[in-house]
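Biologist: I am new to this structure, and I would like to understand the terms used for it. Could we look at it together and go through the reasoning behind each label?

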Amino acid sequence: MSEVLTMGEILVEIMRPKSGMQLYDTGEFLGPYPSGAPAIFIDTVARMGHSAAIIGGVASDDFGKCVLDRLSRDGVDVDNVLREVSGATAVAFVTYFEDGSRKFIFHLEGTSAVRPVCPAPGIIDSPRFLHIMGCSLTANEEFAGEILKAVDLFTAKGSKLSFDPNVRPELMHGDELQRVIVPLVNRCSILFPGVEELKSITQLDDIPSAVQKLWRTSQIEIIALKRGSSGCTIFTRDASFDVEAYTIETVDPTGAGDCFDAAFLCGILEGRDLGSCARMAAAAGALNAMAMGPMEGDISPENVRKVIETESTA
């Protein structure tokens with residue numbers, strides 16, 4: 001049994017080499033990099049020393065090999081990854097701008113990334129945590145339905161649900177935020193929103209009021225609010241506290257939030273207090289942001305510990 005299971009899109013990422021380059025401009029790209037928010041997340045869980053598995057899909061092409069080789073090397077169970085002989089592995093193109101914003105072009109529809117189905121009961125043992133990303137729910141309607149079936153299957157067997165809204169405007173259609181994302185928010189045990197996502201989900205601009213609304217309308221136990229370079233705020237129903245971000249030189253922020261989620265859950269699995277979980281999460285996110293590529297940070301329990309110790313003694 002894996003401690004952590006995720007289901008979602010697996011893809012490769014093709015990136016502009018420096019900020020300010022438009023995707024429509026002719027020029028250089030870097031990659032392919034193994035990617036997809038669920039894949040980045042579950043790879044970090046494995047690198048942090050915990051058993052991890054993913055349900056997803058790739059094609060039997062070179063991009064599929066790129067991602068599966070990386071996940072397997074790092075210890076992720078990929079036995080339940082669909083491998084299509086025909087078709088194509090999904091691709092995302094991304095560029096960054098000087099203000100920190102990003103732009104994506106996703107090639108997901110019609111690819112192997114959105115064709116996996118919920119496993120039959122008994123195929124996969126129930127994990128301690130099932131982690132779902134909002135981007136996976138908005139990539140394709142049929143795929144979203146299969147993910148929700150998996151949520152029903154595993155939570156009925158006692159798995160806890162953790163959820164990152166991970167809203168990608170490029171993948172949103174109509175009222176999906178309120179129709180698809182919010183119901184899963186209300187069902188999860190641990191929520192990992194960004195500030196704007198929290199406001200959008202609750203339709204409130206005031207963070208304390210937004211948090212109080214979630215306590216009233218959901219079964220959430222912990223909210224880990226990610227605030228980028230400002231750190232994070234951890235909320236429980238009884239208390240809240242801030243954890244500052246670590247001082248780093250950011251090379252590529254893509255995937256940092258996914259690594260944050262993973263390391264936080266690893267801390268929970270290890271029985272650590274929430275302050276330690278948050279520091280682990282912030283350190284893992286920092287390590288990932290220090291490297292080019294969404295899954296390329298040098299993340300390990302030892303390196304996470306070094307980041308925490310270095311900052312605390314500075």
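The conversation below takes up a sheet, some helix contacts, a pair of hairpins and a few single residues.

Modeller: Before we begin, please keep in mind that this is a predicted model.

Biologist: What makes strand 3 and strand 8 the edge strands of the open sheet?

Modeller: The sheet is formed by four strands in the order 3-2-7-8, with mixed pairing. Strand 3 (30–35) and strand 8 (102–107) each pair on one side only, and they are the edge strands. From one strand to the next, the twist averages 25°.

Biologist: How do you know that strand 2 and strand 7 pair, and in which sense do they run?

Modeller: Two strands count as paired if there are at least two bridges between them, and strand 2 (residues 11–15) and strand 7 (residues 90–96) are joined over five bridges, in the parallel sense. One of the residues involved is Ile14, whose bridge partner in strand 7 is Phe93. Helix 2 (residues 62–73) packs on this sheet, where it touches strand 2, strand 3 and strand 7, and its direction makes about 50° with that of strand 3.

Biologist: Why are helix 8 and helix 9 called roughly antiparallel?

Modeller: Helix 8 (residues 256–269) and helix 9 (residues 274–289) pack at an angle of about 150°, with their axes 7 Å apart. Angles over 145 degrees count as roughly antiparallel, and the two helices are therefore given that name. Their crossing is right-handed. Among the residues that make the contact are Phe260, Phe264 and Ile268 of helix 8, and Leu274, Met280 and Asn288 of helix 9. By class, this contact has 15 nonpolar, three polar and no charged residues.

Biologist: Where else does helix 8 take part in a packing contact, and at what angle do the axes cross?

Modeller: The axes of helix 1 (residues 37–47) and helix 8 come within 8 Å and cross at roughly 40°, and this crossing is right-handed. On the side of helix 1 the contact is made by Ala37, Ile40, Phe41, Thr44 and Val45, while helix 8 contributes Asp258, Cys259, Asp261, Ala262, Leu265 and Cys266. These residues divide into eight nonpolar, one polar and two charged.

Biologist: Why is strand 13 described as largely enclosed by the rest of the structure?

Modeller: A residue is buried when its relative accessible area is under 20%, and four of the five residues of strand 13 (residues 232–236) are buried, so the strand is largely enclosed by the rest of the structure.

Biologist: Which strands are joined to strand 13, and by how many bridges?

Modeller: Strand 12 (residues 222–226) is joined to strand 13 by five bridges, and the two run antiparallel, with Ile223 standing opposite Phe235. Strand 14 (residues 240–243) is joined to strand 13 by four bridges, and these two also run antiparallel, with Ile234 standing opposite Phe241. The hairpin of strand 12 and strand 13 has five residues between the strands, and Gly228 in this hairpin takes a positive phi near 60°. Strand 13 and strand 14 form a hairpin with three residues between them.

Biologist: What makes Ser2 buried or exposed?

Modeller: Ser2 has a relative accessible area of 15%, and the cut-off for buried is under 20%, so Ser2 is called buried. Ser2 is found in the segment before strand 1 (4–7). Leaving aside its neighbours within four places in sequence, Ser2 is in contact with Ser51, Ala52, Ala53, Pro127 and Arg128.

Biologist: Why does Gln203 count as exposed, and what is its phi?

Modeller: Exposed means over 50%, and Gln203, at 59% relative accessibility, therefore counts as exposed. Gln203 sits in the loop between helix 6 (195–202) and helix 7 (207–217), and has a positive phi of about 60° although it is not a glycine. Most residues other than glycine have a negative phi.

Biologist: How do you know whether Val85 is buried or exposed?

Modeller: The same reasoning applies. Val85 has 76% relative accessibility and so counts as exposed, the cut-off being over 50%. Val85 is found in the loop between strand 6 (81–84) and strand 7, and its C-alpha atom is separated by 8.1 Å from that of Asp61, 24 residues apart along the chain.

Terms used
Residues are numbered from 1 along each chain as its sequence is written. This is a predicted model: local features need pLDDT of at least 70, side-chain atom pairs count only at pLDDT 80 or more; totals for chains, interfaces and linings use all residues. Side-chain values use heavy atoms; hydrogens and water are left out. Axes are lines fitted to C-alpha atoms, for helices over the stretch in contact, and angles run from 0 to 180 degrees between N-to-C directions. Contact means heavy atoms within 4.5 Å. Angles under 35 degrees count as roughly parallel, over 145 as roughly antiparallel, 65 to 115 as roughly perpendicular and the rest as oblique. A crossing is left-handed if the near helix is turned anticlockwise from the far one by less than a right angle, and right-handed if clockwise. Ala, Val, Leu, Ile, Met, Phe, Trp, Tyr, Cys and Pro count as nonpolar, Asp, Glu, Lys and Arg as charged, and the others, Gly among them, as polar. Buried means under 20% relative accessible area, exposed over 50%, partly exposed in between (1.4 Å probe, protein chains only).
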